[in-house]
Amino acid sequence: MNFPILSIITFLPMLAAVVILAVPSARKNVVRTIALTAASLDLLLFAWTYLQYLLGGLQGYQFVEQYNWLPALGISLKFGVDGISAPLVLLTGIVMFTGVLISWGDDDKHVMAGIQDRPREFFAFLFILASGVFGVFVSLDLFMLFFFYEIAVFPMYLLIAIWGWVVTREYAAMKLTLYLFVGSVVSLVGALAMYWTAYQNTGVLSFDMLQLEKAGFSTAFQNLWFLPVFMGFAVLGGIWPFHNWSPDGHVAAPTAVSMFHAGVLMKLGAFAALRVGVMLLPEGAKEWSWLIMTFAAIAVVYGAYIAFVQTDLKYMIGFSSVSHMGLVMLGVSTLNYNGLLGAGVQMFSHGVMTALFFAVTGMIYDRAHTRMIPELGGMSKIMPYASIGFIIGGLVSMGMPGFSGFVAEFPIFMGVWGRQWLVAVFASISIVITAAYIMTNIRKVFFSPLPEKLEGHVGDITLMDKTAVVTLCFFMIVIGLIPAIMVPMVETGVENILRLLGGA
Amino acid sequence: MDFIYSHLLSLILFLPAVSALILFLLPSGRNSLLRWFALLASLIPFALSVLLWVNYVPEQTGFQFEEQYVWYEAIHSTLHLGVDGISLTMVLLTTLLTPLAILASFSISDRVKAYMMLFLFLETGMLGVFMSLDLLIFFVFWEIGLVPMYFLINQWGSANRNYASLKFMIYTMGGSLGLLLAVQMLGVRFGTYDIVQLYSLWNSLEPGELFLGMSVSTVKTIAFWAFVIAFAIKVPVWPFHTWLPDAHTEAPTAGSMILAGVLLKLGAYGFLRLVLPFYPAEAKVFAGALAVLATAAIVFGAFGSYAQSDFKRLVAYSSVNHMGFVVLGIAAAGLAAGTSDAHIAMNGAVLQMFNHGLSAAGMFFLVGVIYERTHTRNLNDFGGLFPLVPVYGGILIFTSMASLGLPGLNGFISEFLVVRGAYPVLTVYTAISMLGLLFTGAYILKGIKSVLHGPLNEHWAHGEHQLTEINTREVLVMAPLMVLILVIGVWPMWILDVINKTVVALF
């Protein structure tokens, strides 16, 4: 048996949550220190695992662990990562680490940035959420995948409803939770259908996804169930026309939760849609890919256009996420090598980028107490690090070469060319729209003169904030310049998917 | 030494970017340290390019100093660099103008570090376009160059900079969209982005073959226009030129120097490196259309320039006018491919790119010199300044004459070659362009007249507004440009030899 590295990474945040809850609530700095230690440890552990996978040139599912959980029903705790999920686990580690850093806050009584209200409970819920997310990415058992999926969704409700933006938090939390539960219930029904059909076909009760891959579902079965399963998960991936919960949720959530939400949770949806929908029901995927492609292409352009007209910085980023996640779905829907490769990289790239966007927006909001673009200005002189970070994020978002966004988007478009060139031409419109809104908003928020209202009481970000910004920028630049540190790994995952899709 | 010789191109390409990163670590407040460091850092690539020029063997066809590194293996794109006579000339132009632009920026005192860093990044971006032998890498550098330029205009520009910089960005990105899609299509179809391989693969397709549900010739025609529009916007060719006067006028002086001196050449270079070799048949078919646009650029550029009362705008429109000759040469070469007319026109076009780089950079700098002293660019506010600033006046007249195409200076040689090459094949357009050249003379003389001659505007003669003479640093910026302008005008063979051998082999 291997060293159980994946279980440690998955359950460490949950353990940390328990420890944090045991600390007296008045001792904010102790809570923060524990949180930061746990997050750093988790990130380092997985970074080490990631490097092993990458440098070892490994393929397929690695670091596999299996424990019986409910053998009678064929449920086991089976963990493992492949080339698609490993970058996402790394992403979760990065977002958790930087999310803790930017929630640390500034205790200066004039600033009071970050999480000042009940940080103990906040970090505890955040870490339970993180455990859930890790669990989904590493689960090789369909039941466990659902189990962790719900663990990830539930704390979101509390985090938004309690620590969110006063104006819309109840509404947004409710809307988000209902959307996601409905989506996951639809998927769950599909999953149970698979489970029973597999039992009838093979005579073995098992939720093990590697077994279900070989269960020999008939084409009619796959065509029937693919859409519910895929779309149920894709709701969390923010696919048009079910994206509506997502910008509201982003806006209402506190900064670190927005980072998690857009950075990681949306990937959870796309990832589960890929792993359960496409990989277990490949024939269904082939049947319906045109529909997914249509939805995705609309999301790409529509999301960019709606982002273009927003005046609230967080709504702008929220809709830009819809647009960028549309690209992920577009890549998935091509079902070919380039498209899937791009989708894999885009999930990571967009996660880091949008986490950075929300982090910087949070830093600005905490200090200026407004997110309305027309009311902001002159931030580049006050918070240079945040400005450079936002600009780099903007360039990634535009798909500027030299950054991770380009490395991700280019193969996606190549993949679409391989399927239907008209869609590539249509979707490419979003690049110019994105450039337009990113550049105008950067200019307005960071470089226009500082409004009088903000003069005097807006200060620079803290060292913790700067560390978070630099960490996030680091990954976007390194992958942009040296794609080889992520792409070969994603390639192995893509090959596995293509094998299930039957050559291609 | 061996290392330097075997990595000459990548050293020239990446040294500016590395210097920019080192610059980032230097203390922000020490302006003179930052300036001198940036200047020295940009002189090294220049020295290396001179080394490159000396070691280049014109007789040898194909690309030289090739280097190839793994970049994005999954989609078969490599960092493949190499130069031939055309790109070598452009590399030399870029590495020459960057130090001069940095020297010209010594008067900038606002956020010197960021400014200098952007300039060095810009240099890497521009050089990358000229050196790439991989279509994807070409596109990467093509786009990367936009970002520093955007911020240079947006942050250090004059009053209307927000509008101008966004227009520049959106125009160019919108234009590159077609290029991006066409590049993707080529990559998907052939599984490689290597330009040299694509030359043969792309041209070996049967015209009747089905491709994307259409015949190859239809696809090629669409892709041809996608390429042409992307490059035409950058050149810029009429009617895609409207971003240029705004961007030039609002950019800081050194930004305008580089914009006119090098960035416009990126577009023309795209025509030479990609459009003509990829689409010889289409270039022949549509040469007439290109020639119409080129003629329009020459004529309307000259008219537009004449109509300006803003000195910088006048120079900006003159770029449209002069770059029109480059496109005319390209159109002629496309139409007459393989004949000596094509070679002559092409020689003229490449040399015109180099020459316009020298004279436009010089002109923008001279506008900047007087603007820094008077804080106005309005031609009506000047007048009769020659007695006050005789040295400046002399330099301005010299550079203007080069721009006008006075025999004995560089502009004459290249424009003559273009016209000589284009006349037999595009007679009417060439004739109309020659009439346009008349107006070139008119607007240049108008500029000189309004600034230097006529009754003296007493405002600048004494008191706090008294105009001061061009200083040593500014003369040092102009000196290399003026020397080259004269040398090429008198003895162009040293540069034409390099260009000609490549042109004859390629077209």
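This is a tour of a predicted model with chains A and B, stop by stop.

Residues are numbered from 1 along each chain as its sequence is written, and chains are lettered from A and ligands numbered from 1 in the order in which they are written. Because the model is predicted, local features need pLDDT of at least 70 and side-chain atom pairs count only at pLDDT 80 or more, while totals for chains, interfaces and linings use all residues.

**The contact between the chains**

Select the residues of chain A and chain B that touch: 29 residues come from chain A and 26 residues from chain B. Contact here means that the C-beta atoms of two residues, placed from the backbone, lie within 7 Å. On the side of chain A, the elements giving two or more residues are helix H13 (337–368), helix H16 (404–419), H17 and helix H19 (487–500). Helices (H or I, at least four residues) and strands (E, at least two) are DSSP runs, numbered from the N terminus. H17(A) gives the most to this side, with 12 residues. Colour the chain A side by class and there are 22 nonpolar, 5 polar and 2 charged residues. Ala, Val, Leu, Ile, Met, Phe, Trp, Tyr, Cys and Pro count as nonpolar, Asp, Glu, Lys and Arg as charged, and the others, Gly among them, as polar.

**H17(A) and its helix partners**

Stay on H17(A), residues 421–447, and add H15(A), residues 384–397. Their axes come within 9 Å and cross at roughly 170°; axes are lines fitted to C-alpha atoms, for helices over the stretch in contact, and angles run from 0 to 180 degrees between N-to-C directions. H15(A) and H17(A) are therefore roughly antiparallel, the term for angles over 145 degrees. From H15(A), show A:Ser387, A:Phe390, A:Ile391, A:Gly394 and A:Ser397; they meet A:Thr434, A:Ile438, A:Ile442 and A:Phe446 of H17(A). This contact has 5 nonpolar, 4 polar and no charged residues.

Next add H16(A), which packs on H17(A) at about 145° with the axes 6 Å apart. Here A:Phe413, A:Val416 and A:Trp417 of H16(A) face A:Trp421, A:Val423, A:Ala424, A:Ala427 and A:Ser428 of H17(A) in the contact. By class this gives 7 nonpolar, 1 polar and no charged residues.

**The nonpolar core**

The largest nonpolar core has 403 residues. Such a core is a set of buried Ala, Val, Leu, Ile, Met, Phe, Trp, Tyr and Cys residues joined through C-beta atoms within 7 Å. A residue is buried if 20 or more other C-beta atoms lie within 10 Å of its own, exposed if 12 or fewer, and partly exposed in between, with C-beta atoms placed from the backbone. Among the residues with the most contacts inside the core are A:Phe127 and B:Leu328. Helix H16 of chain B, residues 340–374, gives the most to the core, with 19 residues.

Centre on A:Phe127: leaving aside neighbours within four places in sequence, A:Phe127 is in contact with A:Pro13, A:Met14, A:Ala16, A:Ala17 and A:Ala38.

Then go to B:Thr295 in helix H14 (residues 287–306) of chain B. B:Thr295 counts as buried, with 25 C-beta neighbours inside 10 Å. Not counting residues up to four places away in sequence, B:Thr295 touches B:Leu328, B:Tyr429, B:Ile432 and B:Ser433.

**A hairpin in chain B**

Select S1(B), residues 64–72, and S2(B), residues 77–83. The two strands pair in the antiparallel sense over 6 bridges; pairing requires that DSSP finds at least two bridges between them. B:Glu67 has B:Leu81 of S2(B) as its bridge partner. Between the strands are 4 residues, and in this hairpin B:His76 takes a positive phi near 60°. In S2(B), 5 of the 7 residues are buried, so the strand is largely enclosed by the rest of the structure.

**Backbone details in loops**

Two cis peptide bonds are next. One joins A:Trp240 and A:Pro241, with omega about 5°; A:Pro241 is in the loop between helix H8 (219–234) and helix H9 (245–252) of chain A. Another joins B:Val235 and B:Pro236, with omega about -10°, and B:Pro236 is in the loop between helix H10 (216–234) and helix H11 (243–250) of chain B.

Finish with B:Arg111 and B:His375. B:Arg111 has a positive phi near 45° and belongs to the loop between helix H4 (85–104) and helix H5 (112–131) of chain B. B:Arg111 is partly exposed, with 18 other C-beta atoms within 10 Å. B:His375 has a positive phi near 55° in the loop between H16 and helix H17 (390–404) of chain B. B:His375 is exposed, with 10 other C-beta atoms within 10 Å.

Definitions and conventions. Angles under 35 degrees count as roughly parallel, over 145 as roughly antiparallel, 65 to 115 as roughly perpendicular and the rest as oblique.
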